[in-house]
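Let's take a walk through this structure together. Have a look at the fold first, and then we'll go through it piece by piece.

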Amino acid sequence: MELINEKNFKEKTGKGFVVVDFFANWCGPCRMLSPILDEVKDELGDKVEIYKVNVDDEENLAREFGVMSIPCVFFFKNGEMVGKQVGLVSKDMLVSKIQSLM
């Protein structure tokens, strides 16, 4: 999954349905969520884009979105935040949440 940053965040989240995973390399649940997000992408294909934001490298973005716990996943529809999920969840829960927000 592509890492995004403060410079390209608005561009990457501006069109379509986008999932953004705020994570850190040292975070165990974050590492467990990464392959789940890969499975979500495989299942939903072109219906969704998934990006990652490293909270250690992008502190301003994490602060802007009020990220207090990670993993923290935000859902965007055409540039507007439409939901969020904090913590490790199953693929089925993520797919269900995404489909309900689309």
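Before we start, one term: a residue counts as buried when its relative accessible area is under 20%. Keep in mind, too, that this is a predicted model.

With that cut-off in hand, try Cys 30. Its relative accessible area is 2%, so Cys 30 is buried. Cys 27 is buried as well, at 5%. These two cysteines are joined by a disulfide, with 2.4 Å from S to S. The torsion about their S-S bond is about 75°, and that is why the disulfide is right-handed.

How many disulfides does a search of the whole structure find? Just one. Cys 72 is left out of the pairing: its sulfur lies 9.7 Å from the closest cysteine sulfur, the one in Cys 30, and that is too far for a bond. Cys 72 is buried too, with a relative accessibility of 1%.

Now step back to the sheet. Strands of a sheet pair through backbone hydrogen bonds, and they can do so in a parallel or an antiparallel way. Here, five strands make an open sheet with mixed pairing, and the order across it is β1-β3-β2-β4-β5. At the edges sit β1 (2-3) and β5 (80-86), each of which pairs on one side only. Further in, β2 (residues 17-23) and β3 (residues 49-54) run parallel to each other and share six bridges. If you'd like a spot to zoom in on, find Val 18, which stands opposite Glu 49 in β3.

Two helices lie across these strands. Helix α2 (residues 28-44) crosses β2, β3 and β4 (72-77), and runs at about 165° to β3. Helix α4 (residues 91-101) lies across β2, β4 and β5, at about 25° to β4.

What about the nonpolar side chains? In soluble globular proteins, they tend to be buried together. The largest nonpolar core in this model has 19 residues, and the members that touch the most others are Phe 9, Val 20, Phe 22, Phe 65 and Val 67. At least two residues of this core come from each of β2, β3, α3 (59-64) and β4. The largest share, four residues, belongs to β2.

Phe 65 is a good one to click on. Setting aside neighbours within four places in sequence, Phe 65 is in contact with Phe 9, Phe 22, Phe 74, Phe 76 and Met 81. Apart from this core lies another one, with 15 residues that include Phe 17, Leu 33, Leu 37 and Ile 50.

Technical notes: Residues numbered from 1 in each chain as written. Predicted model: local features only at pLDDT ≥ 70, side-chain atom pairs only at ≥ 80, totals over all residues. Heavy atoms only, no water. Pairing = 2+ DSSP bridges. Contact = heavy atoms within 4.5 Å. Axes fitted to C-alpha atoms, helices over the stretch in contact; angles between N-to-C directions. Disulfide = S-S within 2.5 Å. Buried < 20%, exposed > 50% of the residue type's maximum accessible area, 1.4 Å probe, protein only. Core = buried A, V, L, I, M, F, W, Y, C linked by side-chain atoms within 4.5 Å.
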